[in-house]
Each structure stands twice: as C-alpha cells, then as structure tokens.
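Colleague: Please take me through this structure one question at a time, with each term explained when it comes up.

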Amino acid sequence: MVNADSAIDPRHFRNVLGNFPTGVVAITSTDECDKPVGMAVGSFTSVSLDPPLVAFFPDKVSTTFPTIERSGRFCVSILNAQQQDVCRRLSLKGVDKFANISWTPAGSGAPRIDGAIGWIDCDIDTVHDAGDHYIVVGRVRDLQVETDHSPLIFFQGGYGRFASTSLTAPAEADLFQQLRYVDRIRDEMSTLANEFEGECCASTAIGDQLVLIGSSVADRLRTAPHTRLGQRMPFLPPLAVPLIAWEDSSKVTRWMSSSREVLDQDALAAAVDRVRDRGWSLVLESDQQRRFERAVAALPLRDASREQTLELTAATKSLILDDYEPALIHPDRKYDVRVMSVPVFDDRGSAVLLLSLYKLGRPLSGAEINDCCARLVTVAAAATAAIGGAPPP
C-alpha cells in the first residue's frame with residue numbers, strides 16, 4: 001500500500017488544487033498597541049449556521065497570525081475584484097501594510113477594509129493543528145454586505161473576476177489555456193492601462209464565442225465600472241477583427257458570411273485587410289456602434305428569441321462600417337475612440353488573445369491614434385514573446 005503522505009509531490013498538489021478557484025479575503029485584527037495587523041488568504045469558509053462559525057487556514061510560518069491569535073478576535077473583509085492592491089499590500093513583510101489601506105473598526109475593534117463587498121466580525125473560538133497550517137474557527141458576532149461588486153478570485157496563480165458562465169461554457173479546456181496566457185502577460189496589460197490611463201482588456205475567441213478573460217485598469221478608473229470579465233457573446237462581424245484577420249481565407253470567409261445578409265461583404269473584407277496590414281484595430285464611438293454592441297451582448301449563445309434576432313439584424317444594418325476599422329485617419333482631426341486593439345500570437349502564429357484599450361477619457365487626434373497604436377503593437381510583441389509565441393510570417 002502506498003503511503004499517501006509520501007506519494008504526493010507538494011508542487012503537483014499545489015498545481016492540481018490551483019484549478020479550484022477561491023475567493024480572496026482580508027483577515028485583520030489589532031496588536032497590543034491597537035495598531036492594525038492583517039493578512040490576505042484564499043482559504044476561508046463557512047463552518048456552521050447554529051452556532052454561526054467560519055474558519056480560515058493560516059500557514060504556521062505566518063508572522064502575522066500569532067498577533068491575531070493573541071488578540072482573540074478577527075474581522076474578515078471580502079475583497080472585491082478591484083482590490084488586488086489591498087491583497088498585495090497585506091502580503092508584504094517589513095512594511096506598514098495599512099499605510100495606504102482605508103478602514104474602519106468593526107464592533108470588535110478589528111479593521112473592516114473600506115470598499116470590501118462585506119465583512120464578518122468574529123471572536124476566535126478554537127485553533128486546530130492541521131499539517132503545515134492551522135484551522136482557525138471564528139464565532140461570528142456580526143456581519144454585513146456593503147456593496148454588490150464582483151469578488152476577487154484566485155485561480156491558477158492569478159487574480160481575476162469571472163461571471164458564473166466563464167468556466168462552465170463549451171470549450172472549457174481551451175479557455176483554461178487562454179487564462180494561463182493572460183496570467184503571463186499581466187505586466188504588459190498593466191503597462192498599457194497605466195500608460196494610457198484607461199482599461200486594458202484581454203479577449204479570446206472560443207469557437208463562435210467571444211470571451212472577456214482579463215482586465216487591468218489605471219488608477220483613475222479604480223472606482224469606475226469595469227468591463228465584466230467572463231462575459232460571453234457571439235463572435236459576429238465586425239467585432240474583434242484581429243482575432244480572425246490572420247486566419248486562413250476559408251475561416252475568414254466563413255466568419256464574414258455569417259453577416260452576408262446585413263453587411264456589405266466587400267467593405268467588411270477591406271476592413272479585415274486593413275487590420276492585417278496595419279497590425280492593429282480601431283473602433284470609433286457612434287450611436288450605431290453602441291446599439292450594435294448592446295444587441296450582441298444581449299443575445300444568448302443559443303435559442304435567441306425572435307425579438308432579439310430582429311433587434312440584432314436592425315442594429316447590424318444600421319452600422320456604419322467605417323466606424324469599424326476606418327480607412328482614413330486624418331492627423332489633425334479629433335476622434336472619439338471606442339477601443340484600440342492588437343493581437344497576441346501563440347507559437348503557431350495564431351491570434352489567441354486580443355489586447356484592447358478602453359475608456360481613454362478624451363478624444364484623440366489622428367496623429368495621437370497612430371502613436372498609440374504603434375505603442376500597442378510594441379507591447380503586443382512583448383506579450384507574444386512572454387507566452388512563447390511568434391507573429392505569423
């Protein structure tokens with residue numbers, strides 16, 4: 001009989017369990033001088049309804065937990081999807097973790113992190129030994145939901161926010177691979193978001209679906225609504241042209257033909273050619289563009305109602321294709337930009353991710369657009385290299 005303890009490699013154990021997404025919370029308390037202390041954990045769970053009990057699992061080598069244990073109390077703050085900075089701050093050592101974290105005291109005196117989805121104020125009930133961790137059971141004294149934001153999720157070594165369908169729709173295994181790609185290019189996405197003071201999103205095509213799987217935002221957008229990660233919608237022309245522009249002609253033709261009754265196919269083909277020649281994509285703001293994208297986002301992935309189909313058809317017919325991949329960009333003219341995008345290629349030269357800049361906050365001149373897009377291409381090349389890819393010949 002194999003000894004289970006010695007048969008499981010710790011790295012393999014971590015990699016397999018990393019496929020289970022967990023919520024991220026802050027565990028906070030105060031020290032003997034009433035100064036705040038805290039740690040971020042991805043191992044938190046409810047235990048009992050009667051009496052109300054919860055638990056978290058600190059590592060035995062943690063330097064923060066002994067202080068929390070001595071205090072006899074803790075507060076759990078459920079971090080929202082935009083509080084990665086709080087999580088990272090609480091993971092630091094040798095610094096004032098709360099220097100840039102806003103908080104208010106719970107009834108126990110333990111800090112409640114401002115902006116968190118909710119909080120659970122607890123007294124320590126019991127502490128159990130569990131291998132290289134402790135199981136800390138807390139008796140709940142008070143709890144409350146504060147906001148309706150999406151939670152911060154930890155999955156396969158990265159942080160994110162995912163809708164309920166993001167990991168359960170068809171082609172799930174392919175999506176896991178794309179999520180790994182996004183995790184490798186988080187630095188590039190953060191660079192784009194901060195450099196252009198907007199939001200950088202990563203999208204991918206899974207079969208006939210377009211999926212939003214990554215996001216990084218500039219500081220000015222920390223409190224603004226963000227693109228919903230995990231959202232799926234039909235991959236219809238002229239959306240996300242760079243994800244199809246480098247495919248073989250048969251795939252491009254098949255993608256284009258799905259709109260042959262409502263879009264001029266010659267004009268659409270010219271837009272695809274422009275993206276491939278330029279290396280980047282540009283979509284301008286317009287009432288028609290917004291109506292079309294709302295209609296696509298509202299369309300279910302299957303079994304659309306007659307009303308939804310009619311609305312999509314009408315919205316598509318009203319599109320001005322020159323708002324998607326405009327043929328001419330005048331250097332001195334100002335443009336309201338909806339999104340600028342560039343492809344990221346895998347080792348086969350296929351466009352596997354689309355990096356897109358949203359919410360730039362002001363109109364751009366044609367000259368600024370050209371400069372921004374050139375910068376995007378440079379960052380996309382770095383992202384391609386980061387995932388071991390290469391551009392097509």
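Colleague: In which loop is P238 found?
Modeller: Strands here are DSSP runs of E with at least two residues and helices are runs of H or I with at least four, all numbered from the N terminus. The peptide bond that leads from P237 into P238 is cis, with omega near 5 degrees. P238 itself is found in the loop between β15 and α7 (242-245).

Colleague: Which other residue follows a cis peptide bond with omega near 5 degrees, starting from D50?
Modeller: This is a predicted model, in which local features need pLDDT of at least 70 and side-chain atom pairs count only at pLDDT 80 or more, while totals for chains, interfaces and linings use all residues. Residues are numbered from 1 along each chain as its sequence is written, and side-chain values use heavy atoms, with hydrogens and water left out. The residue in question sits in the loop between β4 (44-48) and β5 (53-56). The cis bond runs from D50 to P51.

Colleague: How many helices and strands does the protein have, to set the scene?
Modeller: Of the 393 residues, 47% count as buried, where buried means under 20% relative accessible area, exposed over 50%, and partly exposed in between (1.4 Å probe, protein chains only). Among contacts (heavy atoms within 4.5 Å) between residues at least 6 apart in sequence, 67% join residues at least 24 apart. The secondary structure comes to twelve helices and 20 strands.

Colleague: In what order do the six strands of the open sheet run, and which of them stand at the edges?
Modeller: Two strands count as paired if DSSP finds at least two bridges between them. In this antiparallel sheet the order is β15-β14-β13-β19-β18-β16. One side of each edge strand is left without a neighbour in the sheet, because each has a single partner strand, and these edge strands are β15 and β16.

Colleague: What does the twist average from one strand of that sheet to the next?
Modeller: The twist follows the antiparallel order β15-β14-β13-β19-β18-β16. Angles run from 0 to 180 degrees between N-to-C directions, with axes being lines fitted to C-alpha atoms, for helices over the stretch in contact. From one strand to the next, the twist averages 30 degrees.

Colleague: Which residue of β19 is the bridge partner of S341?
Modeller: β19 (residues 351-358) pairs with β18 in the antiparallel sense over six bridges, and with β13 in the antiparallel sense over five bridges. Eight of the eight residues of β19 are buried, so this strand is largely enclosed by the rest of the structure. From β13, C201 stands opposite S356, and the bridge partner of S341 is likewise S356.

Colleague: Which residue in the turn of the β18 and β19 hairpin has a positive phi?
Modeller: Within the pairing of these two strands, F345 has A351 as its bridge partner in β19. Five residues lie between the strands of the hairpin, and the one with a positive phi of about 80 degrees is G349.

Colleague: Which residues of α10 are buried?
Modeller: Helix α10 covers residues 287-298 and lies across β15, β16 and β18, running at about 110 degrees to β15. What covers its buried residues includes β15 (232-234), β16 (281-284), α11 (306-317) and β18 (337-345). The face turned away from the buried side carries the exposed residues D287 and R294. The buried residues are Q289, F292, E293, A295 and V296.

Colleague: How many degrees does the arc of these residues around the axis cover?
Modeller: The arc is that of the directions from the helix axis to the C-beta atoms. The residues lie on the same side of α10 because their arc is only 160 degrees.

Colleague: Is D34 buried or exposed?
Modeller: D34 is placed in the loop between β2 (25-30) and β3 (36-41). D34 has a positive phi of about 65 degrees although it is not a glycine. With a relative accessible area of 58%, D34 is exposed.

Colleague: What is the relative accessible area of E197?
Modeller: E197 lies in the loop between α6 and β13. E197, although not a glycine, has a positive phi of about 50 degrees. E197 is partly exposed, with a relative accessible area of 48%.
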